[in-house]
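Dear colleague,

I am passing on the structure below, and after it you will find an account of what came out of going through it. Please read the two side by side.

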Amino acid sequence: MIALSLAQIAEITGGTILGGSAEVTVTGPVVIDSRAVEAGALFVAVRGERVDGHDFAAAAVASGAAGVLAERAPDGPDLPTVLVRDVVGALGLLARGVVDRLPQATVVGVTGSSGKTSTKDLIAQVLRRAGPTVAPVGSFNNEIGHPLTALRADADTRYLVLEYSARGIGHIAYLTEVAPPRVGVVLNVGTAHIGEFGSREVVARAKGELVEALPAEGAAVLNADDPLVRTMAARTAARIVTFGRVPDATVRATGERLDEAGRPRFTLVTPEGALPVSMRLHGSHSVSNALAAAAAAREVGMPLHEIAEALSEATPVSRWRMEVSERSDGVTVINDAYNANPESVRAALDALGHMARKRRAYAVLGWMAELGAASVSEHEKIGQHAARIGVAGLIVVGQNAAPMREGAEQVGSWTGECVQVDDVGAAVAALNQRLRPQDVVLVKGSRVAGLERVARALLDEPSGGDGA
């Protein structure tokens, strides 16, 4: 973050100063975990479900924090504190204040029902060739993670790449006020969180809030392959740029194929020319993400050859998203367990089918959360899809995912085996009884299922906590 005094922070957030000097300057990062405090940091006392950050304010200052942003006076000695009515709201105001002080930084926003994090990672890797770039690791895309990422920007930052997530109407609109985008990328409108939204049309309303926030001199980068995304062109004054596989997309792919490891190869076609791309990521769904990244990079002025080279060199950044590992016995483990919705599970299964080919394929699938009334039918369809690609075994984890088994058993031509288990331990045991050298295993489920522990067990990795 750029250096700000407590007086400036109080002015930006509408807070008042308690303890310490108003001229004390924050020169370090903004953090919500007292264990992450560095000298000169600002500690934000967020009230969580299990802990209250106010209880750790004194420890944060003792560790070197220059000040505290809080809703009440922290316990302990006279701590340098900016007192606000709502800490989370103040965090957003502070982020906006910093972004407004960085006119040379271009904010690139990404939203969509699936693929946000992987595409954000691609965009950030490409843009780093053009200048200092800030982007979150993982999915810091809500009202806390979003401003914390924006607050990492400083005077050297050229590009700020952010995810804009929504669980309801108005959520993305709020995040665009925290960090107003100049380039807005909309990937797709799917069934993720449809239990909360009610329909894909309502999901589209929410996702379209990103393009509505773009300035007239900005660019809306829209997926031409998704009709609900394509219609968002009417909701913005910004320039329209499309990407996709259809012939009229501004940025498109031709000659697409997957190599023996399931990594895409294609020709990137733009108005400026065409160049080959050989990706290190896995699955055909990575092509759409790459096209979105290329379109965004093109809009900030990157030349085509640098874009193509960067896409070819990009590697996985965020955990548990198509992480491919091979054991000493030749078993390949695909850990895609960070989250799941019907679209992303189908894409992962397709990648599994291609990567396995003449090898035996196993899919370990868990509950896809937040599907509401569509949950049973969507889980059944995923079971059918797994059977149709010909997996040797489908391991269904948890009772919420049980309809997958029913769906798989409806495919009469399928000769594989389906096993229903209650938990991660049983899933690991079932696999250990069945796996042979050279088999390929996909692990995927919604975050609440915790199926990354299956992949860890298969790879004999430590299963300790991931930190606060």
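**The second largest pocket**

Helix 3 (87–100) and strand 8 each contribute at least two residues to the lining of the second largest pocket. Please keep in mind throughout that this is a predicted model. The pocket has a volume of about 160 Å³, and its lining is made up of Val99, Asp100, Leu102, Pro103, Ala105, Thr106, Val107, Pro180, Pro181, Arg182, Ala213 and Pro215. Sorted by character, the lining residues comprise 9 that are nonpolar, 1 that is polar and 2 that are charged.

One of these lining residues is Thr106, which belongs to strand 8 (residues 106–111). Is Thr106 buried or exposed? Its relative accessibility is 14%, and because buried means under 20%, Thr106 counts as buried. If the neighbours within four places in sequence are set aside, Thr106 is in contact with Arg158, Tyr159, Leu160, Arg182 and Val300; of these, Arg182 is also listed in the pocket lining.

**The sheet of 9 strands**

Strand 8 also has a place in an open sheet of 9 strands, whose order is 9-10-8-11-12-13-14-15-16 and whose pairing is mixed. At the edges of this sheet are strand 9 (133–134) and strand 16 (273–278), each of which pairs on one side only. Strand 8 runs parallel to strand 11 (residues 183–186), with 4 bridges between the two, and within this pairing Thr111 is found opposite Val186 of strand 11.

Further along the order, strand 15 (residues 264–270) deserves a closer look. Why can strand 15 be described as largely enclosed by the rest of the structure? The reason is that 6 of its 7 residues are buried. On one pairing, strand 15 and strand 14 (residues 251–258) are antiparallel and share 5 bridges, with Arg257 standing opposite Arg265 of strand 15. These two strands form a hairpin that has 5 residues between them, and in its turn Gly262 has a positive phi of about 80 degrees.

Strand 15 is likewise antiparallel to strand 16, to which it is joined by 6 bridges, and here Phe266 stands opposite Val277 of strand 16. Strands 15 and 16 also form a hairpin, in this case with 2 residues between them. When you look at side chains in these strands, it may help to recall that in a regular strand they alternate between the two faces of the sheet.

**The sheet of 5 strands**

There is also an open sheet of 5 strands, in the order 2-7-6-5-4 and again with mixed pairing. Its edge strands are strand 2 (16–18) and strand 4 (30–31), and each of them pairs on one side only. Strand 2 is antiparallel to strand 7 (residues 81–83), the two being joined by 3 bridges, and Leu18 is the residue that stands opposite Thr81 of strand 7.

**Glu212**

Where does Glu212 lie? Its place is in helix 9 (residues 209–212), and with a relative accessibility of 44% Glu212 counts as partly exposed. The side chain of Glu212 makes a polar contact, at 3.1 Å, with the side chain of Arg235. As for Arg85, which is 127 residues away along the chain, its C-alpha atom is separated from that of Glu212 by 29 Å.

**Two residues with positive phi**

Most residues other than glycine have a negative phi. Which residues go against this, with a positive phi although they are not glycine? Among them are Met322, whose phi is near 50 degrees, and Gln438, whose phi is about 80 degrees.

Met322 is located in the loop between helix 12 (304–313) and strand 17 (323–326), and its relative accessibility of 8% means that Met322 counts as buried. Gln438, for its part, lies in the loop that runs between helix 16 (424–434) and strand 22 (440–444), and with a relative accessible area of 43% Gln438 is partly exposed. Both residues therefore sit in loops, but Met322 counts as buried, whereas Gln438 is partly exposed.

With best wishes

Terms used:
Residues numbered from 1 in each chain as written. Predicted model: local features only at pLDDT ≥ 70, side-chain atom pairs only at ≥ 80, totals over all residues. Heavy atoms only, no water. Buried < 20%, exposed > 50% of the residue type's maximum accessible area, 1.4 Å probe, protein only. Polar contact = N/O pair within 3.5 Å; in protein donor to acceptor, adjacent residues only side chain to side chain. Contact = heavy atoms within 4.5 Å. 1 Å grid on protein atoms, 1.4 Å probe; cavity = no way out; pocket = protein on both sides within 12 Å on 5 of 7 lines; lining within 4 Å. Points joined across faces, edges and corners; volume = space filled by probe spheres on them. Nonpolar A, V, L, I, M, F, W, Y, C, P; charged D, E, K, R; others polar. Pairing = 2+ DSSP bridges.
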